[in-house]
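Here are my notes for you, written as numbered points. Keep the model open beside you and look up each residue as you read.

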Amino acid sequence: MSYQTLKKPVTARLEIKKSEFIAYAYPVHSREQAMFHVEHLRDKYPDARHWCWAYIIGDPDNTTSAGFDDDGEPSGTAGRPILNVLQHKSIGNVIIIVVRYFGGIKLGAGGLTRAYAGSAQAAVDQMILQPYVPMTQVQILADFAHESQCRYVVESMDGTIDEVTYSKQVTLSVTIAEADIETLKTELAMAGKVLAADT
């Protein structure tokens with residue numbers, strides 16, 4: 001399962017025959033998150049003519065969830081070309097939304113398809129991509145004396161500490177690459193106990 005994901009949101013603008021196309025790309029992990037960005041741009045550009053989009057959740061070659069919308073443009077001229085760019089570039093966990101301001105000159109089906117694909121490509125050209133790493137959340141149970149050692153090990157493995165709770169012992173909820181779980185257990189053998197992973 002090797003594909004690229006977007007490190008941070010990007011924007012690109014194209015003007016084609018007086019129509020303005022503003023492409024936004026966001027990293028997303030669910031359809032709900034993707035739709036949140038669509039609604040946000042509808043609010044931000046209430047006077048635009050169209051808000052066309054495509055998203056891929058998961059691996060673009062074997063996608064668990066993908067979707068697109070032409071938002072009133074002729075069928076197949078907007079959402080599908082955006083999705084094709086994402087699939088061709090093997091980018092997952094991403095949505096591209098293209099906001100269109102109509103400039104008064106009709107582009108025709110072929111022109112629209114090229115414009116939306118071109119807008120998506122312009123956004124891709126701005127992207128900083130990183131390899132996708134499947135992450136999982138685990139809990140580490142440790143004595144107070146070993147808390148700093150546990151923190152050090154998690155951070156040295158590029159994990160993040162999401163929450164820490166204190167009772168008789170310290171419980172650290174951490175997010176770490178799935179591939180590193182066994183290494184984490186080995187590294188923490190003396191300092192803490194890794195509880196079952198929440199996947």
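**Notes on the model**

1. Let's begin with confidence. The mean pLDDT of the protein is 88, and 96% of its residues reach 70 or more; pLDDT is the predictor's confidence in each residue, from 0 to 100. Among the elements, strand β6 (residues 94-101) has the highest mean pLDDT, 95, and strand β11 (residues 192-194) the lowest, 78. Helices (H or I, at least four residues) and strands (E, at least two) are DSSP runs, numbered from the N terminus.

2. A bit of housekeeping. This is a predicted model, in which local features need pLDDT of at least 70 and side-chain atom pairs count only at pLDDT 80 or more, while totals for chains, interfaces and linings use all residues. Residues are numbered from 1 along each chain as its sequence is written, and side-chain values use heavy atoms, with hydrogens and water left out.

3. Now find H50, which sits in strand β4 (residues 50-57). Is H50 buried or exposed? H50 counts as buried because its relative accessible area is 9%, and buried means under 20%, exposed over 50%, and partly exposed in between (1.4 Å probe, protein chains only). A polar atom of the H50 side chain lies 2.7 Å from the backbone oxygen of D71. Setting aside neighbours within four places in sequence, H50 is in contact with D71, G72, E73, V98, V99, R100 and Y116; contact means heavy atoms within 4.5 Å.

4. H50 also helps to line the second largest pocket, along with R49, E73, P74, R100, F102, K106, L107, G108, A109 and L112. What is the volume of this pocket? The second largest pocket comes out at about 150 Å³. The pocket search uses a 1 Å grid over the protein atoms alone: a pocket is an open set of points with protein on both sides within 12 Å along at least five of seven lines, where a 1.4 Å probe fits, and lining residues have an atom within 4 Å of a point. Grid points are joined across faces, edges and corners, and the volume is the space filled by probe spheres set on the points.

5. Who lines that pocket? Helix α3 (residues 108-126) gives the most to the lining of the second largest pocket, with three residues. By class, the lining has five nonpolar, two polar and four charged residues. Here Ala, Val, Leu, Ile, Met, Phe, Trp, Tyr, Cys and Pro count as nonpolar, Asp, Glu, Lys and Arg as charged, and the others, Gly among them, as polar.

6. Next, go to T175 in strand β10 (residues 170-177). T175 counts as buried because its relative accessibility is 19%. The side chains of T175 and D162 are joined by a polar contact of 2.5 Å; a polar contact is a pair of N or O atoms within 3.5 Å, where within protein one must be able to donate a hydrogen and the other to accept it, and residues adjacent in sequence count only if both atoms are side-chain atoms. Leaving aside neighbours within four places in sequence, T175 is also in contact with residues including M135, T136 and G159.

7. Strand β6 is worth a look too, since I96 lies there. I96 counts as buried because its relative accessibility is 0%. Beyond four places in sequence, its contacts include Y24, C52, W53, I82, L86, A120 and M127. I96 and E73 are 23 residues apart in sequence and 16 Å apart in space, C-alpha to C-alpha.

8. Helix α2 (residues 79-88) has G79, P81, I82, L83, V85 and L86 buried. The buried residues of α2 pack against β4, β5 (65-69), β6 and α3. After α2 comes S90, with a positive phi near 55°.

9. Finally, check two loop residues. K17 is in the loop between β2 (10-16) and β3 (19-27), and its phi is near 45°, a positive value in a residue other than glycine. K17 counts as exposed because its relative accessible area is 51%. D158, in the loop between α4 (147-156) and β9 (160-166), has a phi near 60°, again positive in a residue other than glycine. D158 is exposed, with a relative accessible area of 68%.
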